[in-house]
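I opened this entry to keep track of what I looked up. The points are grouped by topic.

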2 protein chains.
Amino acid sequence: MGEAQKHDVFQAIADPTRRKVLVLLSDKELSVTEISKHFPMTRTAVSKHLGILSESGLVDATKKGRETRYSLQPEAFLELKDWLSFFDQFWDNKLSMLKHLVEDGSKTE
Amino acid sequence: MGEAQKHDVFQAIADPTRRKVLVLLSDKELSVTEISKHFPMTRTAVSKHLGILSESGLVDATKKGRETRYSLQPEAFLELKDWLSFFDQFWDNKLSMLKHLVEDGSKTE
DNA sequence: AAAATAGGAAACCGAATGGTTTCGTAAAAA
DNA sequence: TTTTTACGAAACCATTCGGTTTCCTATTTT
């Protein structure tokens, strides 16, 4: 019950390599070795990235024989969407305000 | 034209302090000193966070006399929304698959 | 003019990050 | 059974990160 969970979803998507991994996994589940082929770094490095992704809940790791299949865990994106959606209101307001300003023409064209 | 831009939006929102700053700024524009009151750290530390946020484009910094007013730049959230929305399709599919599974009743209730 | 206020720049520090190589182990193939 | 393959754990390394203190420069206020 006392899982520390060192990495959350926000940290997980902060790294470009990890974001690319997520895109790769959106197509189909893959092993570490398969994923590694897409990156100019060692398999171990990719493995660590997968560790962080799986710790954050964004991907699932399932052992199948001697290999581990990594797959997307789309539900985990909800936390991100929820946080982002909070700012939607302001985005809308500010955008319509901007529209107003432009239409009012405070700038002599 | 050759702006390096060390910090992008993904890195910017990775830190919990910065996420909280964004929420604060969503209410109204604030100065560094005002924002600092909400955190158990020095004004300088908060100032650095604001530097990163403003570098990423998520906030705007405008000097007004001796103080700097920081405000939300909601348009910058679009990059995040866009990236996230790519995964919506998979989220939807998996969710409806799950729904199916549940409705089919593979679990004897 | 003097004092107070707002805030950034610089130097510094410990811990975290992203990467490497090396090694051990379990499963599959020969 | 021997060998190959898949992979993680560990130790290590340079750089970045989040924070501090100290100091300097503008603006306000008095």
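My notes on the symmetry, the two DNA strands and a helix pair follow.

**Ground rules**

I am working on a predicted model, in which local features need pLDDT of at least 70, side-chain atom pairs count only at pLDDT 80 or more, and totals for chains, interfaces and linings use all residues. Residues are numbered from 1 along each chain as its sequence is written, chains are lettered from A and ligands numbered from 1 in the order in which they are written, and side-chain values use heavy atoms, with hydrogens and water left out.

**Symmetry**

I looked up how chain B fits on chain A. A turn of 180° with a shift of 0.0 Å along the axis lays chain B on chain A at an RMSD of 0.0 Å. The superposition is by least squares on the C-alpha atoms of residues with pLDDT of at least 70 in both copies. The two copies are thus related as by a two-fold rotation axis. In chain B, Ala14(B) has the C-alpha nearest the axis, at 3.0 Å. I also noted that the same surface serves both copies, since 100% of the contact residues of chain B recur in chain A. Contact here means heavy atoms within 4.5 Å.

**DNA strand D**

Which residues come closest to DNA strand D? I found Thr33(A), Ser47(A), Thr42(B), Lys48(B) and His49(B), out of 23 that surround the strand. A residue is near a strand if one of its heavy atoms lies within 4 Å of it. Of the atoms of DNA strand D that come within 4 Å of the protein, 62% belong to sugar and phosphate.

Next I checked polar contacts to phosphate (pairs of N or O atoms within 3.5 Å). Within protein, one atom must be able to donate a hydrogen and the other to accept it, and residues adjacent in sequence count only if both atoms are side-chain atoms. The side chain of His49(B) puts an N or O atom 2.3 Å from a phosphate oxygen of DNA strand D. For Tyr70(A), a polar side-chain atom is 2.6 Å from a phosphate oxygen. Arg66(B) uses a backbone N or O atom, at 3.3 Å.

I then listed the elements that give two or more residues to this surface: helix H3 (32–36), helix H4 (43–56) and strand S2 (67–72) of chain A, and helix H4 (43–56) of chain B. Helices (H or I, at least four residues) and strands (E, at least two) are DSSP runs, numbered from the N terminus. By class, the surface near DNA strand D has four nonpolar, 11 polar and eight charged residues. Ala, Val, Leu, Ile, Met, Phe, Trp, Tyr, Cys and Pro count as nonpolar, Asp, Glu, Lys and Arg as charged, and the others, Gly among them, as polar.

**DNA strand C**

I turned to DNA strand C. Around it are 23 residues, with Thr42(A), Lys48(A), His49(A), Thr33(B) and Ser47(B) nearest. A side-chain N or O atom of His49(A) lies 2.3 Å from a phosphate oxygen. Asp15(A) has a polar side-chain atom 3.4 Å from a phosphate oxygen. Thr68(B) has a polar backbone atom at 3.3 Å from one.

**Helices H2 and H4 of chain A**

At what angle do H2(A) and H4(A) cross? I read roughly 75°, with the axes coming within 10 Å. Axes are lines fitted to C-alpha atoms, for helices over the stretch in contact, and angles run from 0 to 180 degrees between N-to-C directions. H2(A) and H4(A) are therefore roughly perpendicular, a label for 65 to 115 degrees. Thr17(A), Arg18(A), Val21(A), Leu22(A) and Leu25(A) of H2(A) meet His49(A), Leu50(A), Ile52(A) and Leu53(A) of H4(A). I class these contact residues as six nonpolar, two polar and one charged.

Notes:
Parallel < 35°, antiparallel > 145°, perpendicular 65-115°, else oblique.
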